[in-house]
Amino acid sequence: MCGIVGYVGERNATEIILNGLRRLEYRGYDSAGVAVIHDGLIELRRDVGKLNRLSDVLLRDPIAGRIGIGHTRWATHGVPSERNAHPHLGQTGKVVVVHNGIVENFITLKEQLLSEGAVFKSDTDTETIVLMIERYINRGMGLVEATQTTLKQLRGAHGVVVLSVDEPDKIVTARIGNAGGVVIGFGEGEMFVASDIPAILEHTRRMVFLESQQMAVIQKSETKIMTLDGEAIPYEPSVVAWDPVSAEKGEYRHFMQKEIHEQVRSLTDTLAGRADFERFDIQLPDLHLNVADVRKMDKIFITACGTAAHAGMVGKILIETIAQIPVEVEIASEFRYREPLLTENMAVIAISQSGETADTLAAMALAKSKGAKVWSIVNAIGSQAMRVADGFISMQTGPEIGVASTKAFTAPLVDLYMMAVVLGEMRGVITVPEKKAYLEALRQVPDLVSQTLDHEHEVVAVAEMLKNSQHALYLGRGINMPIAYEGALKLKEISYIHAEGYPAGEMKHGPIALIDQQMPVVAICPRDQWYEKMISQIEQAKARGGIIVSVAEAGDIRVERLSDAVLWVPKAHWLLNPVVTVIPLQILAYHIAALRGLDVDQPRNLAKSVTVE
Ligand code: AGP
């Protein structure tokens, strides 16, 4: 959701902040702003809408300084507008704040401030923060103490960055709870702070991630990290391995298209160092598994949101089939608010690209509190979901910028497959030849994905055919049922075409009523154990006049004859089939949205990281 960038050093802060904010555009926002300190004054520029509008404002009315903060806002309190955009300035113009999160008790705090004569210029909850800090400074506190005193009175989760003209060489930042991360970047004689790694990756890879209830006082040559009570916390910057080029669009029109094509590499990277195809072995050291615990395990829950939850549904079949442990999949926003029957002999796997999705983090916290083992499969390095888990698998896909998740869907499928093999081996339920066969199948995945991507031009023709559709029905069975959900989600979130994913066998219990000559029916029909059943569903949909688009294995004439169009995929092991069948559906959604002239990477109303409920 909201993006934050801050800078202190010798360079032009405005330029660095604006570039950093551009790299956070994918998070979703509706207004933006930047503030710098110059000649003892805070200079502020903001505008509603995209960053280009803010750039125009800055061109007409430039500001320059060596220290500053910027923000992209995703409205929660108050409509998207210039006056509600961050940064927010205090009443006397001495203090300026950017903020991610929601001040849950802001009405009480606002009433208190109003009774003391404060004047609010915006409808935001954030303005209470800056007015409080400023008041404490006016009563004689330093910036750090004033910020600490204020933060201790806020309810909710927050990432905050503050500047004051009284201490013009300092950035004060803090993280409380899970309203998104606060990452501090260490340069040479300059320092950066941001809500997310890509914002500062072009400047440094040496970073420290603040934990909840930690704050930092950042100066260009010295940084102190402390608790909210001022107790110093020792730290050592870690080196983030992401490649800055992976946060650029390169030759592609959109990040989503680039990320779809990156899947050969991202899948290779997620296998690298883990799957050994010479010795037929898999090592997942960061999961910290021990044989005794795994043998006692009587159930696993998988919890996640959106696309990550669809990966979890595939994971259920992988783990139940390979490791023979019962698995339940539950959407994190539901899981967190009930009393799941969890014991120490159970594990909860959380899947998250961002590692900062509020519902997923809350589900993990609940699982921990019940004594279950908590494992995570996460893309964003250093994110909360990685840090709080008992063990994790890093997806290793590099930054995913497009709001529609693609490479962060296929990587966890492979990670779950590897996890299933490791668990199965520890439990003694797979034989050596079986393990070898699983690895043989796994080895082929990047190549199969590459072959699938080669068919992009054929998918474009289907996108042309479907681009004006109003609705679409996606059908799948067995391990490809979640792929029907995922294909439909991809289409609806970026093209705004209403699409539904359905277990194909359920069609006759309702959705079949929707099928007529206007209804595209996308049927995922590889030659697996559900093939004959899928053929029969396709026939039923065809008999009602539906426009049949099938995902089928190369050379499948039977499906071809039944279909108006076919999205071809190569043959894969049935357990790994979803990694391949989802690719044409990602490409299809992408091209339909692009042909409709839509903002593919930043669809309306959506944020990349959903850090609030
Ligand atoms: C998928 O295309 C969406 N952007 C969304 O469903 C996403 O997968 C979900 O919000 C979960 O995000 P996470 O993986 O960062 O936790």
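Where is Pro 87 found? The views below take that up along with a few other spots.

**View 1. Pro 87 sits in a loop between two strands.** The strands on either side are strand 4 (67-73) and strand 5 (88-89). Keep in mind that this is a predicted model. Look at the link from His 86 to Pro 87: that peptide bond is cis, with omega near 0 degrees. Most peptide bonds are trans.

**View 2. The whole protein, before zooming in further.** You'll find 20 helices and 26 strands here. Its C-alpha trace spans about 80 × 55 × 45 Å along the principal axes. The radius of gyration is 25 Å, which agrees with the value near 25 Å for a compact globule, because the protein has 613 residues. Of those 613 residues, 62% count as buried. Among contacts with a separation of 6 or more, 72% come from residues 24 or more positions apart. On the outside, about 22500 Å² is exposed, and carbon and sulfur atoms supply 50% of that. As for charges, the mean positions of the 61 positive and 76 negative ones are 2 Å apart.

**View 3. Inside the largest nonpolar core, which has 95 residues.** Those with the most contacts inside this core include Ile 300, Trp 375, Tyr 417 and Tyr 474. Helix 13 (residues 407-426) gives the core its largest share, 14 residues. In soluble globular proteins, nonpolar side chains tend to be buried together.

**View 4. Tyr 474 and its neighbours.** Leaving aside residues up to four places away in sequence, Tyr 474 touches a whole crowd, including Ala 484, Leu 491, Glu 500, Tyr 502, Val 522 and Leu 588.

**View 5. Gly 159, tucked into strand 7 (residues 158-164).** Is Gly 159 buried or exposed? Its relative accessible area is 2%, so Gly 159 is buried. Ala 194 is 35 residues away along the chain, and its C-alpha atom is separated from that of Gly 159 by 9.6 Å.

**View 6. Two loop residues with positive phi, His 288 and Tyr 496.** Most residues other than glycine have a negative phi. His 288 has a phi of about 50 degrees and belongs to the loop between strand 16 (281-282) and helix 8 (291-296). With a relative accessibility of 54%, His 288 counts as exposed. For Tyr 496, phi is near 65 degrees, and its loop runs between helix 17 (481-495) and strand 23 (498-503). Tyr 496 counts as partly exposed, at 25% relative accessibility.

Key. Residues are numbered from 1 along each chain as its sequence is written. This is a predicted model: local features need pLDDT of at least 70, side-chain atom pairs count only at pLDDT 80 or more; totals for chains, interfaces and linings use all residues. Side-chain values use heavy atoms; hydrogens and water are left out. A nonpolar core is a set of buried Ala, Val, Leu, Ile, Met, Phe, Trp, Tyr and Cys residues joined through side-chain atoms within 4.5 Å. Buried means under 20% relative accessible area, exposed over 50%, partly exposed in between (1.4 Å probe, protein chains only). Helices (H or I, at least four residues) and strands (E, at least two) are DSSP runs, numbered from the N terminus. Contact means heavy atoms within 4.5 Å. The radius of gyration is taken over C-alpha atoms; the globule rule is 2.2 Å times the number of residues to the power 0.38. Accessible areas come from the Shrake-Rupley method with a 1.4 Å probe; for residues, only the protein chains shown count as cover. Lys and Arg count as positive and Asp and Glu as negative; His and the chain ends are not counted. The place of a charge is taken as NZ of Lys, CZ of Arg, CG of Asp or CD of Glu.
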